[in-house]
Amino acid sequence: MKPLPHLVFVVPPAVQLLDLTGPVQVFYEAATYGQSYRLTFCSYQPLVNSAAGLGLGPLVPFAGVPLDPGDRVFLPGLAMDYLRSDAFRQEGAAFFAWLREQHARGVHLCSVCTGAFILAHAGLLDGKKCTTHWRRLAELQARYPRVRAQPDTLFVRDGGIDTSAGLTAGIDLALYLLEERHGPLFATKVARELVVYARRGAQHGQRSVYLAYRNHLHSGVHRVQDWLADNLAAGATLAALADVAHMSPRTLTRAFRQATGLSIHAYTTALRRELAATLRHNPALTQESIAAQCGFRNVRQLRRLELTRTGESTI
């Protein structure tokens, strides 16, 4: 039986709770959709107090955690007072060496917010592009001049290390990792469960259409968006979609545009374009198969899709 992917969450003293619990919840919810992960929580102290004063423990000693190449270690943010203290440098000395050893073995390292300071202090960000909370970028660069701190980005990937910006960017990074492993449709299901609809990209402005246009509270429109994402191959009439939304066709047409800024037709076209782009990465699929899965009757319609822009057509 294939072992579950192993994710290790380090819980250091003065940890920022959302930096820890945000990514944890993403992977916890993934299990409810059939993709389980093995989660381990470790530290270099058996009991720690979070930055907010909440005690956490007992925690597994980091040195006893078995890791294989490809596993991931998450480093959440810490309070700056602790990061600037002698205690941080002294208490974490053996832990920093362990991180260097794991990275050399092919374990992937991921930091959230000021967790980048841990990686930098361990020397793992020397010469690498990285990011952290926007308020701490200048300090990170000043304390560790060999890092290449990147402003105005949510997360950065460089040499087997992912660093993300403040707080909720850790959720964005976790969703991105889910999308990498299981595809964009799976990532959007988890995001919908968390009521997170505006997942953003790494060093660029790309967004997945599965998660875009979801920053609204109209339950009927959400139901239609869910149905369309899950049933592109089937196709649907406006009347059928109105039944899904429990609305009249005219009301749905108006509500959909008000909630998303797109017509139903334009949104469906965007879904088909993204699905087609994903399926093209599979060399085993023919153009006919891709067209069918996208809800087209023939390859000619699929090719025409490449020549159109989302939003050109209205319903």
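# Helix α12 and its surroundings in a predicted model

The buried residues of helix α12 are I264, A266, Y267, T268, T269, A270, L271, R272, E274, L275, A276 and L279. The model in which they lie is a predicted one. Helix α12 covers residues 264-279, and 12 of its 16 residues are buried, so that the helix is mostly covered under the cut-off of under 20% relative accessible area. From its first C-alpha to its last, α12 reaches 22 Å, close to the 22 Å expected at 1.5 Å a residue. Its buried residues pack against α8, α9, α10 (238-245), α11 (249-260), α13 and α14.

## The protein as a whole

The protein contains 14 helices and 11 strands. Of its 315 residues, 49% are buried. The C-alpha trace spans about 65 × 40 × 40 Å along its principal axes. Among contacts with a separation of 6 or more, 63% are between residues 24 or more positions apart.

## Around α12

One of the partners of α12, helix α8 (184-193), is likewise described as mostly covered, with seven of its 10 residues buried. These are P184, F186, A187, T188, V190, A191 and R192. They pack against α1 (17-32), α7, α9 and α12. Just after α8, V195 has a positive phi of about 55°.

The loop between α8 and α9 (219-230) holds R214. Is R214 buried or exposed? With a relative accessible area of 1%, R214 is buried, because buried means under 20%. Its side chain makes a polar contact of 3.0 Å with the side chain of H222, and another polar contact, of 3.2 Å, joins the side chains of R214 and Q225.

A second loop, between α13 (287-293) and α14 (299-305), contains C294. At a relative accessible area of 0%, C294 is buried. Which residues does C294 touch, not counting residues up to four places away in sequence? They are L232, R272, L275, A276 and L279. Of these contacts, R272, L275, A276 and L279 also appear among the buried residues of α12. The C-alpha atoms of C294 and A233 are 5.2 Å apart in space, although the two residues are 61 residues apart in sequence.

## The sheet

Seven strands form an open sheet with mixed pairing, in the order β5-β2-β1-β6-β7-β11-β10. Its edge strands are β5 (60-61) and β10 (155-158), each of which pairs on one side only. Strands of a sheet pair through backbone hydrogen bonds, either parallel or antiparallel.

Strand β7 (residues 108-112) is joined by four bridges to β6 (residues 72-75), and the two run parallel. Four bridges also join β7 to β11, again in parallel. The table lists residue pairs that stand opposite each other across these strands.

| Residue | Opposite residue |
|---|---|
| R72 | H108 in β7 |
| V73 | L109 in β7 |
| L109 | I161 in β11 |

L109 thus has V73 as a bridge partner and also stands opposite I161. How many of the five residues of β7 are buried? Four are, and β7 is mostly covered.

Two helices that pack on the sheet can be described through the strands they touch. Helix α4 (residues 93-104) touches β1 (6-10), β6, β7 and β11 (161-164), and its direction makes about 145° with that of β6. Helix α7 (residues 169-182) touches β6, β7, β10 and β11, with its direction at about 50° to that of β10. Strands β6, β7 and β11 are touched by α4 and by α7. Helix α7 also links this account to the preceding one, being among the helices against which the buried residues of α8 pack.

## Cysteines

The structure holds zero disulfides. A disulfide is a covalent bond between the sulfur atoms of two cysteines. For C42, the nearest cysteine sulfur is that of C110, 13 Å away; C42 is in no disulfide, because a disulfide requires sulfur atoms within 2.5 Å. C42 counts as buried, at 0% relative accessibility.

Technical notes: Residues are numbered from 1 along each chain as its sequence is written. This is a predicted model: local features need pLDDT of at least 70, side-chain atom pairs count only at pLDDT 80 or more; totals for chains, interfaces and linings use all residues. Side-chain values use heavy atoms; hydrogens and water are left out. Two strands pair if DSSP finds at least two bridges between them. Contact means heavy atoms within 4.5 Å. Axes are lines fitted to C-alpha atoms, for helices over the stretch in contact, and angles run from 0 to 180 degrees between N-to-C directions. Buried means under 20% relative accessible area, exposed over 50%, partly exposed in between (1.4 Å probe, protein chains only). A polar contact is a pair of N or O atoms within 3.5 Å; within protein, one must be able to donate a hydrogen and the other to accept it, and residues adjacent in sequence count only if both atoms are side-chain atoms. The expected span of a helix is 1.5 Å times one less than its number of residues.
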